[in-house]
Amino acid sequence: QVQLVESGGGLVQTGGSLRLSCAASGSIFSINTMDWYRQAPGKQRELVATIYSGGTTNYADSVKGRFTISRDNAKNTVYLQMNSLKPEDTAVYFCYAYMKRLPGGRFENYWGQGTQVTVSS
């Protein structure tokens, strides 16, 4: 059994900062990409940031320069440092990982349960 557990969400004022964490646990052989997505009420889930196993990162235009994704491969954990938060960043943030559980297995998609981020104006 593999789980992704997010933490760090909450309520913050405009201009504030939050740091999200997502730890993968269970039987894990290899993790390729780890992403953060978000979904605001009434909107589709959107990709916020991606980090590859080698450390390369990509960001949505809406968060470039404000958010930083990082990972600790030894801990199977991905982080999202969010600075200069805006009300439009309010959403449920989901962690995603493309992982292989066994040496001879396939890479599969795994999702966390989500953590609420609310930015007040």
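Two strands are said to pair if DSSP finds at least two bridges between them, and the strands themselves are DSSP runs of E with at least two residues, numbered from the N terminus. The structure to which these terms are applied here is a predicted model, in which local features need pLDDT of at least 70 and side-chain atom pairs count only at pLDDT 80 or more, while totals for chains, interfaces and linings use all residues. Residues are numbered from 1 along each chain as its sequence is written, and side-chain values use heavy atoms, with hydrogens and water left out.

A good place to begin is strand E9, residues 91–100, which pairs with strand E10, residues 107–111, in the antiparallel sense over five bridges. Within this pairing Lys100 stands opposite Phe107 in E10, and the two strands form a hairpin with six residues between them.

Phe107 also takes part in a ring pair, a term used for rings of Phe, Tyr and Trp (its six-membered ring) whose centres lie within 6.5 Å, with planes under 30 degrees apart counted as stacked, over 60 as edge-to-face and the rest as tilted. By this rule there are four aromatic pairs. The ring centres of Tyr98 and Phe107 are 5.3 Å apart and their planes meet at 25 degrees, so this pair is stacked. Ring pairs also link Tyr37, Tyr96 and Trp111 into a cluster. The charged end of Arg45 sits over the ring of Trp111, 4.8 Å from its centre, where such a placement requires NZ of Lys or CZ of Arg within 6 Å of the ring centre and within 35 degrees of the ring normal.

Strand E9 is also tied to another part of the chain. A disulfide is a covalent bond between the sulfur atoms of two cysteines, and it is recognised here as a pair of cysteine sulfur atoms within 2.5 Å. A search of the whole structure finds one disulfide, which joins Cys22 to Cys95 with an S to S distance of 2.1 Å. Because Cys22 lies in strand E3 (residues 18–26) and Cys95 in strand E9, the pair ties together parts that are 73 residues apart in sequence. Both Cys22 and Cys95 are buried, meaning under 20% relative accessible area, whereas exposed means over 50% and partly exposed in between (1.4 Å probe, protein chains only).

Tyr59, finally, is found in strand E6, residues 57–59, and counts as partly exposed at 23% relative accessibility.

Definitions and conventions
Helices (H or I, at least four residues) and strands (E, at least two) are DSSP runs, numbered from the N terminus.
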